[in-house]
Amino acid sequence: MKNVIRTIKYGLLLAVLVMLGMAGWRAYQLHHADAVVSELRQEIQAQQSAQTTETADSGEQAAAPTAAFPDFLRQENADLAAWLSVPGTEVDYPVMLTPDDMESYIHRDFRGNYSACGTPFFDTRCAPLASADSLLVYGHNMRDGTMFSSLGRYTDAAFGQAHDTLTLLLPEGTRTYRLFAVVRLSTDSDADWALYGCAGELSQEAFEQYVQAFRERALYTTGVQQAYGQQLLILSTCAYHTHNGRLLVIGCEVQ
């Protein structure tokens, strides 16, 4: 009987040690992922500062540095397609595009190493980005508040109205979008899943049908109007209001 009790105790101890080890490993992964992104942001700031200094040394009047696509980072990783920022949230990340494997970065950081957080990425149907009528970006909803988790704040209409700007830095220039709808759905529903067809090039009829569907399903809309030719930006992340829930934060390009 003592041997049985001892075995149970050792088993419980081993289970606790395994759980602690897994928790520690996950904490390390989250810290590492955040560190990689922080390094990228610091590199961008250093590049902007260097350009400002160069301008000043040339004798020209230095203007305040403006955000621009970090082309030097694409030399490090050619999969970099854009830089996404949503002022008022923690969303300030590179966005990757891998036409041959859309989910290549679902569990990889910018430098290609394993990461539970992954890196936001475009739906492959969006390529080429410049001619797409709708850009669809996927990102994890991490419990530590990173990646797209702060998009959950947009379920509050007051927050959405106060933070209605979404920005994409692209190689050809900066694109600004205004929030027009926030949608909750479930990929278990065929009708909901069909809304993910809103990516890439669309006919005018399809564009208008998707916009109408988003309006009908929205938790709220902001009054921003959409017209064919104005690019949509859809940010998608997991949500926990239902099984296989998703949250879409949808903006329309400002022209």
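**Exercise 1. Charges over rings**

Find the ring that the charged end of Arg41 sits over, then do the same for Arg108.

*Solution.* Start with Arg41. Its charged end sits over the ring of Tyr93, 5.2 Å from the ring centre. Turn to Arg108. Here the ring belongs to Tyr105, and the charged end lies 4.6 Å from its centre. Keep in mind that this is a predicted model.

**Exercise 2. Classify two ring pairs**

Decide whether the pair Tyr154 and Phe159 is stacked or edge-to-face. Then classify Tyr210 and Phe214.

*Solution.* Step one: know what to look for. A pair of aromatic rings is described by the distance of the centres and the angle of the planes.

Step two: count the pairs. The model holds six aromatic pairs.

Step three: take Tyr154 and Phe159. Their ring centres are 5.1 Å apart. The planes meet at 85°, so the pair is edge-to-face; the cut-off for that class is over 60 degrees. Both partners can be checked for burial, where the limit is under 20% relative accessible area. Tyr154 has 0%, so Tyr154 is buried. Phe159 has 14%, so Phe159 is buried.

Step four: take Tyr210 and Phe214. The centres are 6.5 Å apart and the planes differ by 25°, which makes the pair stacked. Both residues belong to helix H5 (residues 204-217). They are four residues apart there, so about one helical turn separates them. Tyr210 is buried at 18%, and Phe214 is buried at 0%.

**Exercise 3. Trace a cluster into a pocket**

Name the residues that ring pairs link into a cluster. Then find which residues lie nearest the centre of the largest pocket.

*Solution.* The cluster consists of Phe121, Tyr138, Trp193 and Tyr196. Now go to the pocket. Its space is about 380 Å³, and 22 residues line it. Nearest its centre are Glu103, Phe121, Tyr138, Ser236 and Arg246. Phe121 and Tyr138 thus appear in both lists. Strand S8 (residues 232-239) supplies the largest share of the lining, three residues. By class, the lining has ten nonpolar, eight polar and four charged residues.

**Exercise 4. Describe the cavity**

State how many cavities of 30 Å³ or more there are, and describe the lining of the largest cavity.

*Solution.* The count is one. The largest cavity holds about 50 Å³ of space. Eleven residues line it, with Val37, Asp109, Phe110, Gly118 and Thr119 nearest its centre. Helix H1 (residues 2-57) gives the most, four residues. The classes are seven nonpolar, three polar and one charged.

Note on methods: Residues are numbered from 1 along each chain as its sequence is written. This is a predicted model: local features need pLDDT of at least 70, side-chain atom pairs count only at pLDDT 80 or more; totals for chains, interfaces and linings use all residues. Side-chain values use heavy atoms; hydrogens and water are left out. On a 1 Å grid over the protein atoms alone, a cavity is a set of points where a 1.4 Å probe fits but cannot get out, and a pocket is an open set with protein on both sides within 12 Å along at least five of seven lines; lining residues have an atom within 4 Å of a point. Grid points are joined across faces, edges and corners, and a volume is the space filled by probe spheres set on the points. Helices (H or I, at least four residues) and strands (E, at least two) are DSSP runs, numbered from the N terminus. Ala, Val, Leu, Ile, Met, Phe, Trp, Tyr, Cys and Pro count as nonpolar, Asp, Glu, Lys and Arg as charged, and the others, Gly among them, as polar. Rings of Phe, Tyr and Trp (its six-membered ring) pair if their centres lie within 6.5 Å; planes under 30 degrees apart count as stacked, over 60 as edge-to-face and the rest as tilted. Buried means under 20% relative accessible area, exposed over 50%, partly exposed in between (1.4 Å probe, protein chains only). A charge sits over a ring if NZ of Lys or CZ of Arg is within 6 Å of the ring centre and within 35 degrees of the ring normal.
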